[in-house]
Amino acid sequence: MAWRIVEHAARRWNVSIAAERRANSPQWTLVFAFRPVDQAQRSIWATYPLSSASRAALFAQADRIPDDAIAALLAAHLD
């Protein structure tokens, strides 16, 4: 299930979120998974410059990220 749906270049993308913690780090980093609605393109995983010691706090912060910022992250990975 999509967390959000964003549009870029006339395409709709389902966006999901995840938290990733690297070895020997107490911080969780926010990761977006972009999956095209039409399935004609590949999925894209992109880290977002946001981290926290708490996954719950990280997800709460993610809820406040505007769709425009998420679409800009997608655009940066497509270009």
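Ala-9 counts as exposed in this predicted model, because its relative accessibility of 64% is over the 50% cut-off. The residue sits in the loop between β1 and β2. Its backbone is worth a look too: Ala-9 has a positive phi of about 50°, although it is not a glycine. A second residue with this feature is Asn-24, where phi is positive at about 60° and the residue is again not a glycine. Asn-24 belongs to the loop between β2 and β3, and with a relative accessibility of 85% it counts as exposed.

These loops are part of a simple overall plan. The protein contains four strands and two helices. Read from the N terminus, the order of the elements is β-β-β-β-α-α. Along the principal axes, the C-alpha atoms fill a box of roughly 40 × 25 × 25 Å. The radius of gyration is 13 Å, which agrees with the value near 12 Å for a compact globule of 79 residues.

Next comes the question of what lies inside and what lies at the surface. Of the 79 residues, 32% are buried. The accessible surface comes to about 4900 Å², and carbon and sulfur atoms account for 49% of this area. Contacts also tell how the chain folds back on itself: among those between residues at least 6 apart in sequence, 47% join residues at least 24 apart.

Charged side chains add another layer to the picture. The protein carries 9 positive and 7 negative charges, and the mean positions of the two groups are 9 Å apart. Side chains of opposite charge can pair when their charged atoms come close. Three salt bridges are present in the structure.

One of these salt bridges joins Asp-67 and Arg-4, with the closest N and O atoms 2.7 Å apart. This pair links distant parts of the chain, since Asp-67 is in helix α2 (residues 67-78) and Arg-4 is in strand β1 (residues 4-8), 63 residues apart. How accessible are the two partners, buried or partly exposed? Arg-4 counts as buried because its relative accessibility of 15% is under the 20% cut-off. Asp-67, with a relative accessible area of 38%, is partly exposed.

Another salt bridge brings together the side chains of Asp-38 and Arg-11, at 3.6 Å from N to O. Asp-38 lies in the loop between β3 (28-36) and β4 (44-52), while Arg-11 is in strand β2 (residues 11-21), so this pair ties together parts that are 27 residues apart in sequence. Asp-38 is partly exposed, its relative accessible area being 44%. Arg-11 is partly exposed as well, with a value of 29%.

The remaining pair is made up of Arg-22 and Glu-20, whose side chains meet in a salt bridge at 3.2 Å from N to O. Here Arg-22 counts as exposed, with 53% relative accessibility. Its partner Glu-20 is partly exposed, with a relative accessible area of 32%.

How values were computed
Residues are numbered from 1 along each chain as its sequence is written. This is a predicted model: local features need pLDDT of at least 70, side-chain atom pairs count only at pLDDT 80 or more; totals for chains, interfaces and linings use all residues. Side-chain values use heavy atoms; hydrogens and water are left out. A salt bridge is a side-chain nitrogen of Lys or Arg within 4 Å of a carboxyl oxygen of Asp or Glu. Buried means under 20% relative accessible area, exposed over 50%, partly exposed in between (1.4 Å probe, protein chains only). The radius of gyration is taken over C-alpha atoms; the globule rule is 2.2 Å times the number of residues to the power 0.38. Contact means heavy atoms within 4.5 Å. Accessible areas come from the Shrake-Rupley method with a 1.4 Å probe; for residues, only the protein chains shown count as cover. Lys and Arg count as positive and Asp and Glu as negative; His and the chain ends are not counted. The place of a charge is taken as NZ of Lys, CZ of Arg, CG of Asp or CD of Glu.
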